Amino acid sequence: MRVRQLIRQLPGVVGAASVAAAGLVLGVGAPAAAAPPTLAVEMLCGALDVRWTSDPLDDSVEPVGTVVLRNDVVVEEFTMVGSGFHRYGAADGDLFVIRRAGERDTPPVPFRAPDGCTGTPVLEVSADNGCTGLELTLTNRGTTAVDGLLLVTADTFPAGETLAPVPPGTTELAFALPDGTAYQLITGPFALDAPTWMTGTYAPPADCDASSPPQTPGATPTPGASLPATPGTPTVAATPGGGGSAGGELPVTGAAGIAYAVGGVVLVAAGLALLAGVRRRRIRFVSGGDR
């Protein structure tokens, strides 16, 4: 009779154990909250310094795709990882926004040069991909020519190609580049902390006619291939256990992680309650002679 009783109790025990196991899996297996590197900015004479720091022992800090905008124009796209800095050319009144995947955009940061800072470029830069090369539009809002600009590609790294002084007003330049050429416009001479005005990779538009004549106004042809690495991208320390990149899916964090943990606890409690109920139940078998 005890064998029959155990057989009848078996489904309840198995069900309770299954619920409890599912709760443990959800509770223990819930992804840990991932955090991006800590961000800070500093205003220098003629440049905005963007710095990020990560604890190399904190595995929850993930690489994060980052876009930097100056006056609503994309200046650079890169993956923020570990600890490091990027420096961007800036003038009074420029508005910077830092956009990181999975995070809210930073509030616009209005640039203000430190006291005593004079003679720095007052420059706006935009870039377009033309059918035969890179097209730069440089707007000098100052009263004197902007000198010392370098366009750096693989073939000119690290010396770069020196641009002619940019007079007040708007200047348009064209540079013949092969498809896939990475470029960086900086205030020279080249150094890891040189202020960057624009970075990108040239790619001709899809509707270009292969027979289009080359563009020549204000241009110095610059052959080159993709840069092995974008200049001016120092990395002080890498974060172990990283995973993820710009445009990819980010780990479950914040409210989603809490929901996993709460769900796990609820299922564990339900499983234990079912198991206790099964143990308390008693089934009595009566033989024919006892009736």
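Buried means under 20% relative accessible area, exposed over 50%, and partly exposed in between (1.4 Å probe, protein chains only). Keep that in mind as you click through this predicted model, where local features need pLDDT of at least 70, side-chain atom pairs count only at pLDDT 80 or more, and totals for chains, interfaces and linings use all residues. Residues are numbered from 1 along each chain as its sequence is written, and side-chain values use heavy atoms, with hydrogens and water left out.

**Stop one: a salt-bridge network**

Select arginine 87 and aspartate 49. They form a salt bridge (a side-chain nitrogen of Lys or Arg within 4 Å of a carboxyl oxygen of Asp or Glu), with the closest N and O atoms 3.0 Å apart. Arginine 87 sits in strand 5 (residues 83–89) and aspartate 49 in strand 2, so the pair ties together parts that are 38 residues apart in sequence. Strands here are DSSP runs (E, at least two residues), numbered from the N terminus. Arginine 87 is buried at 15% relative accessible area, and aspartate 49 is buried at 1%.

Now add aspartate 193, which also meets arginine 87 in a salt bridge (3.7 Å, N to O). Aspartate 193 is partly exposed, with a relative accessible area of 38%. Add Arg51 too: salt bridges that share partners join Asp49, Arg51, Arg87 and Asp193 into one network. The structure holds six salt bridges.

**Stop two: the 8-9-12 sheet**

Show strands 8, 9 and 12, an open sheet in that order with antiparallel pairing; two strands pair if DSSP finds at least two bridges between them. Strand 8 (123–129) and strand 12 (169–176) are the edges, each with a single partner strand, so one side of each has no neighbour in the sheet. Seven bridges join strand 8 to strand 9 (residues 133–140). Zoom in on alanine 127 to find leucine 136 of strand 9 opposite.

Stay with strand 8 and pick glutamate 124, whose side chain meets that of arginine 141 in a salt bridge (3.0 Å, N to O). Glutamate 124 is partly exposed at 33% relative accessibility, and arginine 141 is partly exposed at 38%.

**Stop three: the 4-3-6-7 sheet**

Next, colour the open sheet of four strands ordered 4-3-6-7, where the pairing is antiparallel. Its edge strands are strand 4 (73–80) and strand 7 (109–110). Strand 3 is joined to strand 4 by seven bridges, and valine 67 stands opposite glutamate 77 in strand 4.

**Last stop: a loop serine**

Finish at serine 54, in the loop between strand 2 (47–53) and strand 3 (64–70). Serine 54 counts as buried at 14% relative accessibility, and its side chain reaches the backbone oxygen of glycine 82 at 2.7 Å.

Methods
A polar contact is a pair of N or O atoms within 3.5 Å; within protein, one must be able to donate a hydrogen and the other to accept it, and residues adjacent in sequence count only if both atoms are side-chain atoms.
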